[in-house]
Amino acid sequence: MALLERLLARPPQLPLHLPAHGRGRALAPPLHQLLRQRPGRWDLPELPEIGGPLESEGAVAEAQAAAACLLGAERCWFGVNGASGLLQVALLALAQPGERVLLPRNLHRSLLHACLLGQLRPVLFDLPFDASTGLWLPPTPDGLAQQLEAALAQGPLAAVVLVSPSYQGLVGDLPGLIAAVQRRGLAVLLDEAHGAHLGLDPRLPAGGLACGADLVVQSLQKAAGGLAQSAVLLQAAGDEARTAAIERALLWLQTSSPSALLLASASVSLAHLHSPPGHRQLERALSTGVELRRRLQQGGLPLVPNQDPLRLCLHTAAIGINGLAADAWLMERGVIAELPEPGCLSFCLGLAPPRQVLRLLPRRLQQLRRVQGAVPLLPFSRPPLPALAEPELPLGQAWRAAQQRVPLAEAAGRFAAEPLCPYPPGIPLLIPGERIDAARAEWLQQQQRLWPGQIADTVSVVAD
């Protein structure tokens, strides 16, 4: 009952967090209507007339074909285990056991899980780092090309994963990045969890399919107004062998009883987002985001430059506040952000920003600066990482080995046994099998101080 009471509690003044439907304000009209029906009416099995993501006939098959056509893909599959589940499906479809896959340092931990399940060898490439915000930045095509050459010199690769946009709305030169990979005959899996809306307005960069990615995964709760756990996997071009591999992986990783509600959510949220009413809704939301940014900058509040007006990233370090402390202060006053980090605090405006956001958020952030502000924080130290790194101990061996917890100060020389992820997006600072050298151990201790309550003072390592 406590859970139900909290779910039904009065919402805060400014809920600026995911899902992008904004606590129902931006749900597609058919989905809104479905949820108003008699409770449970939509909870149906894979009846012949409904089917499922792997069935060739039925309403789901028809909806997936329609979505593929709408989004410019050859094939489309709906998922009910979030973008996490479909990223795993896509990676397992691209690589065989024992093969190496190139992944960015800001990968989602679900891709590590895929490497473990598929016995793949992750090779991590480093990213540009911004010391003022503490954020990883998008790679450059030239930088990625150099890392690709270095990785290929050590052995063949099966595929490359890119992340765009980032959680904070950062988008790099995606066409150039994809071309740099495909020139070497490799497929690109794009984690576009936060970018289902890209390319639908002139103020937004192009989406992954338009930029040439081979496989694209979108989370429909993050940018398309779908319910949590609804997602879509898009295949750019017809390749029967790859299609068969995707469907095998879907069979391995998805439930045989997918939620009809989540499948309907995937279908109608995409259809609505790409319809004229959906375009108008997105246009209004973007205009609110642009105006909010103008007002905050006019008031002297520093923002991280990004390419998505629906992601507002306050540069808290520039006003002398740790983003986690800023988040706690705002939450007590009814402003719920999406992602606190030591140097930044990110807000998700969603597809229907709260009406009072233009008036109330600037006021609250000015209050925050007056009460909590101080001299700017010192620049953040760059993670002491090589440009290219493959775990010294095989991922599966490290993760399955006997473990022990040791203080961070005593971790130097040991192999990590678990990923170290200080916040919900699941971007690991450390992955199993990496050796923690002295510089890394010292850096992790610094991170522990920057993430109070988020990083423990001990780390799990492979036991002696």
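Buried means under 20% relative accessible area, exposed over 50%, and partly exposed in between. Keep that handy for these exercises on a predicted model.

**Exercise 1.** Work out which exposure class Arg121 and Glu390 fall into, and what their pairing ties together.

*Solution.*
1. Take Arg121: its relative accessibility is 39%, so it counts as partly exposed.
2. Glu390 comes in at 29%, so that one is partly exposed too.
3. Now pair them up: their side chains meet in a salt bridge, 2.8 Å from N to O.
4. Arg121 sits in strand β4 (residues 121-125) and Glu390 in the loop between β15 (388-389) and α14 (395-400), so the bridge ties together parts 269 residues apart in sequence.
5. Widen the view a bit: Arg100 joins Arg121 and Glu390 in a network of salt bridges.

**Exercise 2.** Do the same for Glu392 and Arg435.

*Solution.*
1. The side chains form a salt bridge at 2.9 Å, N to O.
2. Glu392 is in the loop between β15 and α14, while Arg435 is in strand β18 (residues 435-436), so this pair links parts 43 residues apart in sequence.
3. With 51% relative accessible area, Glu392 is exposed, whereas Arg435, at 37%, is partly exposed.

**Exercise 3.** Find the largest nonpolar core and say which helix gives the most to it.

*Solution.*
1. The largest core has 86 residues, and Leu365 and Phe347 are among those with the most contacts inside it.
2. Helix α10 (residues 260-273) gives the most, with six residues.
3. Apart from this core lies another, of 38 residues, including Val89 and Leu215.
4. Zoom in on Leu365: leaving out residues up to four places away in sequence, it touches Leu296, Leu301, Leu314, Leu330 and Phe347.

Key. Residues are numbered from 1 along each chain as its sequence is written. This is a predicted model: local features need pLDDT of at least 70, side-chain atom pairs count only at pLDDT 80 or more; totals for chains, interfaces and linings use all residues. Side-chain values use heavy atoms; hydrogens and water are left out. A nonpolar core is a set of buried Ala, Val, Leu, Ile, Met, Phe, Trp, Tyr and Cys residues joined through side-chain atoms within 4.5 Å. Buried means under 20% relative accessible area, exposed over 50%, partly exposed in between (1.4 Å probe, protein chains only). Helices (H or I, at least four residues) and strands (E, at least two) are DSSP runs, numbered from the N terminus. Contact means heavy atoms within 4.5 Å. A salt bridge is a side-chain nitrogen of Lys or Arg within 4 Å of a carboxyl oxygen of Asp or Glu.
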